[in-house]
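Colleague: I would like to learn how to read domains and pockets in a protein model. Could you take me through one case?

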Amino acid sequence: MAPISFARGVPAPECLPVAELADCAREAIERGGPSVLSYGPGGGYGPLREWIAERHGVDPGRVVITSGSLQGFVFLCEQLVKPGMRVLVEAPTYDRPIKILRRLGAEIVGIPMDDDGLEVDALEQALRDGDKPAFVYTIATFQNPSGRTLSEDRRRRVAELAREHDVLVLEDDPYGLVRYEGTAPSTIFDLARGERVVYASSFSKTIAPGVRVGYFVLPAALATEIEALAVSTYISPPFLTQATVHEFIRRGNFEPNLDRVSGLLKARRDAMLEALEEHMPEGAMWSRPEGGYFIWLDLPGDAPELAAAEAAGVTFVPGTDFFAHGEGGQSMRLAFSFVSPDEIRDGVARLAGALRPAPAPSAL
Ligand SMILES: Cc1ncc(COP(=O)(O)O)c(C=O)c1O
């Protein structure tokens, strides 16, 4: 029985525009010549920086393009987090930042969520009750791992709280453009007019993760500091992949590719929602995202052990991986981005089978 992976939060191979990117890479070298094949400014490839800056209505000096947005997250933490400092995160949140923050000795404070995202009253309480945090980390749209989206009202409140408490918010938004339906809420960055909010995104989900092109829009002084950290870490960014992404955009491929990818992913999301409806036991609850890669499944009892699910031929990431302090035992993250709709239907049926207690051995 071939294993079915709901663990991999990566795009299905057919989402990746292979031939087009190969062509763009060639063109990027031929057009850019030595400028894309040599060392250069730590903040990234100029024309791409300008394109990003224009989209966000800021000066290009506030944009730093990093080797994937996770690398930018590391830079930001290295700059802002000292051992013992608090960082407020959503509970649950993306597991890699939890590991990075732990490594840096941060005190990770989880703020509860509901279907409308981060609970802003709890955020306010946490801001009032303790030392000023290094920053508040939110994945406001199609969150990893829960698929939830922070409502417009709450976004406004987060922007207000950032101002009232003079605290920095990191809005990590790699999935926002991967929307299949519904209307996009404003970004917290826009609602706060770019003040006290760092906006991060990535081309990993809109073009391809292998290009490793992510970016940060920062207050000007912080941008200079992060750029210096980038230079001291890798001297110079990989201009070839950044110029390839820029060429892809310059040709007008970005939006049509996004539509294509959204169509492929919507079919997967639909297959998973239908299969959950059909197979999950009473009392199970799950998120219904309008985009992104993930569905969060809460079960009436404990989630099955990974080993039991693996034996049934399906994998997922246990909910506990997404909390700093061990909660999440009844939950799991199901990524629908990687496998086909048929595999999704099969995988959810297998998962539901792994939830049912094994029949008692026959008396005979
Ligand atoms: C919320 C979130 N932030 C950042 C990243 C990292 O993306 P990148 O490939 O740009 O490093 C991911 C990747 O899955 C993610 O889910």
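Modeller: We will go through the domains, then their interface, then the two pockets. Keep in mind that this is a predicted model.

Colleague: Where do the domains begin and end?

Modeller: A domain may be listed as one stretch of residues or as several. Here the assignment gives domain 1 as 4–14 + 255–355 and domain 2 as 18–250. The centres of domain 1 and domain 2, taken over C-alpha atoms, are separated by 25 Å.

Colleague: How many residues of each domain are in contact with the other?

Modeller: On the side of domain 1 there are 27 residues in contact, and they meet 28 residues of domain 2. An interface can also be described by area. Domain 1 and domain 2 bury about 2400 Å² between them, with 58% of it on carbon and sulfur atoms.

Colleague: How many salt bridges are found across the interface of domain 1 and domain 2?

Modeller: The rule finds two across that interface. For an idea of how a salt bridge is reported, take Arg 269 and Glu 181: their closest N and O atoms are 2.9 Å apart. This pair is within the 4 Å cut-off for a salt bridge.

Colleague: Now the pockets. What is the volume of the largest pocket, and which residues are closest to its centre?

Modeller: A pocket is read by its volume, then by its lining. The largest pocket has a volume of about 620 Å³. It is lined by 31 residues, and those closest to its centre are Gly 9, Tyr 94, Arg 96, Asn 144 and Lys 205. Among the elements giving two or more residues to this lining are helix 4 (69–80) and strand 7 (169–172). The largest share, four residues, comes from helix 5.

Colleague: Which domains does the lining of the largest pocket draw on, and how does it divide by class?

Modeller: Domain 1 and domain 2 each provide at least three residues of that lining. By class, the lining has 17 nonpolar, six polar and eight charged residues.

Colleague: What can be said in that way about the second largest pocket?

Modeller: The second largest pocket has a volume of about 420 Å³. Of its 22 lining residues, Arg 55, Asp 173, Leu 177, Thr 187 and Tyr 199 are the closest to the centre. Helix 3 (46–56), helix 8 (188–191) and strand 8 each supply at least two residues of this lining. Its classes are nine nonpolar, eight polar and five charged.

Technical notes:
Residues are numbered from 1 along each chain as its sequence is written. This is a predicted model: local features need pLDDT of at least 70, side-chain atom pairs count only at pLDDT 80 or more; totals for chains, interfaces and linings use all residues. Side-chain values use heavy atoms; hydrogens and water are left out. On a 1 Å grid over the protein atoms alone, a cavity is a set of points where a 1.4 Å probe fits but cannot get out, and a pocket is an open set with protein on both sides within 12 Å along at least five of seven lines; lining residues have an atom within 4 Å of a point. Grid points are joined across faces, edges and corners, and a volume is the space filled by probe spheres set on the points. Ala, Val, Leu, Ile, Met, Phe, Trp, Tyr, Cys and Pro count as nonpolar, Asp, Glu, Lys and Arg as charged, and the others, Gly among them, as polar. Domain bounds come from an automatic or database domain assignment. Contact means heavy atoms within 4.5 Å. Buried area is the accessible area (1.4 Å probe) that two parts lose on being put together, summed over both. A salt bridge is a side-chain nitrogen of Lys or Arg within 4 Å of a carboxyl oxygen of Asp or Glu.
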